[in-house]
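The following exercises invite the reader to examine a structure step by step. Each task is followed by a worked solution.

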Amino acid sequence: MTKHDTLYSTPHPNLGRFAFDEHVVEVFPDMILRSVPGYATIIAMTGVMAGRYAQGGSNIYDLGSSLGASTLSMARELGDRDCTIIGVDNSAAMIARCRGYISSTTPPIELRCENIQDTEIRNASVVVLNFTLQFVPAEQRGELIQRISKAMRPGGILILSEKIRFADTHLQELNTDLHHAFKRANGYSDLEVAQKRSALENVLVPETLTEHQQRLRDAGFSSIDVWFQCFNFASLVAIK
């Protein structure tokens, strides 16, 4: 059963950097639903888009798979399609818990505990990066997107969901405030919002939509669009 997220509900005098450890894994489903606007929609439509673009005999990658929400959403839509879904996460705690959610499925699901920067990507028709690239060091993001593009079949799709920042100062302030209001409406206190924000500083490093779109164009993706956005969270689709 999912536990209620109270990780930052009491003062932490020695607040450490946010990490996807056993404590986060215990509350992760509750945490992400109460923290990311539109998360359920993004997960559901990730599966729908995979169902549309997955090609027979190809690999489907969920990079930064956490507890397998996107992985399982895609598996449901693909049914008996001749594909292999590969979920990758560098958190051993996440992978261990995810294995408990995945039984015998069609198509088959393979889980790997490794950094996505080290993952071999080949023969891909669908690649998903749902709230993952923002945790990759900025200087490594371009090379990762380039590798994904080179490994992707023509007509393949990349789904990239991220927390974003705004170049316009007023829009950045507005959307940050709206996101915090969203979290308070979901039961988080001002203390929780502030402490988590501090823990994530320099761990989650967002970029503008323009930066994401330019990186995708540079990697050879032809059709790029923002298909979902709510406040400072967005999901892009890029077709090879």
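**Exercise 1. Determine which residues of helix H4 (residues 92–101) are buried, and what they pack against.**

Solution. Begin with the terms: buried means under 20% relative accessible area, exposed over 50%, and partly exposed in between (1.4 Å probe, protein chains only). Helices (H or I, at least four residues) and strands (E, at least two) are DSSP runs, numbered from the N terminus. In H4, the buried residues are Ala-93, Met-94, Ile-95 and Cys-98. The next step is to find their partners, where contact means heavy atoms within 4.5 Å. The buried residues of H4 pack against H1, E2 and strand E3 (109–113).

The model is predicted: local features need pLDDT of at least 70, side-chain atom pairs count only at pLDDT 80 or more, and totals for chains, interfaces and linings use all residues. Residues are numbered from 1 along each chain as its sequence is written, and side-chain values use heavy atoms, with hydrogens and water left out.

**Exercise 2. Describe the largest nonpolar core and the surroundings of Ile-145.**

Solution. A nonpolar core is a set of buried Ala, Val, Leu, Ile, Met, Phe, Trp, Tyr and Cys residues joined through side-chain atoms within 4.5 Å. The largest one has 27 residues, and those with the most contacts inside it are Leu-63, Ile-145, Ile-148, Leu-158 and Phe-221. Two or more residues come from each of strands E1 (58–63), E2 (83–89), E4 (124–130), E5 (152–163) and E7 (233–239), and from each of helices H5 (138–150) and H8 (209–218). Turn next to Ile-145: leaving aside neighbours within four places in sequence, this residue is in contact with Leu-129, Leu-133, Leu-158, Arg-215, Leu-216, Ala-219 and Phe-221. A second, separate core has 23 residues, among them Phe-18, Leu-67, Ala-199 and Leu-200.

**Exercise 3. Establish how many disulfides there are, and examine Cys-113.**

Solution. A disulfide is taken as a pair of cysteine sulfur atoms within 2.5 Å. By this rule the count is 0. For Cys-113, the nearest cysteine sulfur is that of Cys-98, 11 Å away. Cys-113 counts as partly exposed because its relative accessibility is 42%.

**Exercise 4. Locate Asp-5 and identify what surrounds this residue.**

Solution. Asp-5 lies in the segment before helix H1 (22–35). For charges, Lys and Arg count as positive and Asp and Glu as negative, while His and the chain ends are not counted. A salt bridge is a side-chain nitrogen of Lys or Arg within 4 Å of a carboxyl oxygen of Asp or Glu. Asp-5 is buried but has no salt bridge, the nearest side chain of opposite charge being Arg-34 at 4.8 Å. A polar atom of the Asp-5 side chain does lie 3.1 Å from the backbone nitrogen of Leu-7. Not counting residues up to four places away in sequence, Asp-5 touches Val-27, Asp-30, Met-31, Arg-34, Tyr-188 and Glu-192.

**Exercise 5. State where Ser-66 and Phe-131 lie, and whether each is buried or exposed.**

Solution. Ser-66 is in the loop between E1 and helix H3 (69–78). Although not a glycine, Ser-66 has a positive phi of about 45 degrees. Its relative accessibility is 11%, so Ser-66 counts as buried. Phe-131 is in the loop between E4 and H5. Phe-131 is not a glycine either, and has a positive phi of about 60 degrees. With 9% relative accessibility, Phe-131 counts as buried.

Notes: Polar contact = N/O pair within 3.5 Å; in protein donor to acceptor, adjacent residues only side chain to side chain.
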